[in-house]
Amino acid sequence: MSVMTEEGQVGGQQEQESPALETGNGSKELCQDMFVKLTDYLNGELAVTVEEYQLLLKLNQMTTMKYEEMTNFASRLQQSSQTLNEKFTSMQPYCDHIDQVEASVTALEQTAYRLDAYCKRLEMKFREMEKH
């Protein structure tokens, strides 16, 4: 065990003061300056973090608005599609009737071609009979 004497000796050795303690007020000023600079640094980091979160918040809000617009557009598109389907369904009997008329016209055309061909054959036979 070492005992301190009046002259500042510990166990027979003289205690030496460190250079930082010798300056006294200088080390206090350095510590205060360090704490001020550390505070400024941390405040800057926190400000950047807050700005990043605000940017993320704005991006999320914009994304939400965009999705709402897309949802509204899809809803209007669905309504338009449903309206068109209803109109098509109401027009279906007319379309079926048009298809029947088209089939009848096609059959009538074929009959007309056959009749024309038959008339031409008859005309040729009649001419042959006139010549004899």
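Which side chains meet in a salt bridge at 2.6 Å, N to O? The legends below take up this question along with others, and they describe a predicted model.

**View 1. The whole chain, from its N terminus onward.** The protein has 2 helices and 2 strands, and when one reads from the N terminus the elements follow the order β-β-α-α. Of its 132 residues, 1% count as buried. The protein exposes about 12900 Å², and 60% of this area is supplied by carbon and sulfur atoms.

**View 2. Helix 2 from end to end, with its bend.** Helix 2 takes in residues 25-131, and because each residue should add 1.5 Å, its 107 residues are expected to span 159 Å, which agrees with the 147 Å between its end C-alpha atoms. At Q92 helix 2 bends by about 45°, and a proline, P93, follows within four residues.

**View 3. A nonpolar patch on the surface.** The residues M34, F35, L38, Y41 and L42 make a nonpolar surface patch of about 530 Å². One of them, Y41, has its place in helix 2.

**View 4. The salt bridge between E123 and R127.** Here the opening question is answered, since the side chains that meet at 2.6 Å, N to O, are those of E123 and R127. Both residues lie in helix 2, where they are 4 residues apart, about one turn of the helix. An α-helix has 3.6 residues a turn, so residues three or four places apart point the same way. E123 has a relative accessible area of 40%, and therefore it is partly exposed, while R127, at 48% relative accessibility, also counts as partly exposed.

**View 5. The salt bridge between K66 and E69.** The structure holds 4 salt bridges, and in one of them the side chains of K66 and E69 meet at 3.8 Å, N to O. K66 and E69 are both in helix 2, 3 residues apart, which is about one turn of the helix. Is each partner buried, exposed or something in between? K66 counts as partly exposed because its relative accessibility is 48%, and E69 is partly exposed with a relative accessible area of 45%.

**View 6. The salt bridge between K120 and D116.** K120 forms a salt bridge with D116, and the closest N and O atoms of the two are 3.7 Å apart. Both K120 and D116 lie in helix 2, with 4 residues from one to the other, about one turn of the helix. D116 has a relative accessibility of 39%, so it counts as partly exposed.

Methods. Residues are numbered from 1 along each chain as its sequence is written. This is a predicted model: local features need pLDDT of at least 70, side-chain atom pairs count only at pLDDT 80 or more; totals for chains, interfaces and linings use all residues. Side-chain values use heavy atoms; hydrogens and water are left out. Buried means under 20% relative accessible area, exposed over 50%, partly exposed in between (1.4 Å probe, protein chains only). Accessible areas come from the Shrake-Rupley method with a 1.4 Å probe; for residues, only the protein chains shown count as cover. The expected span of a helix is 1.5 Å times one less than its number of residues. The bend at a residue is the angle between axes fitted to the seven residues ending there and the seven starting there. Patches are made of residues with over 30% relative accessible area and no salt bridge: like charges are joined within 9 Å, nonpolar side chains (Val, Leu, Ile, Met, Phe, Trp, Tyr) within 5 Å.
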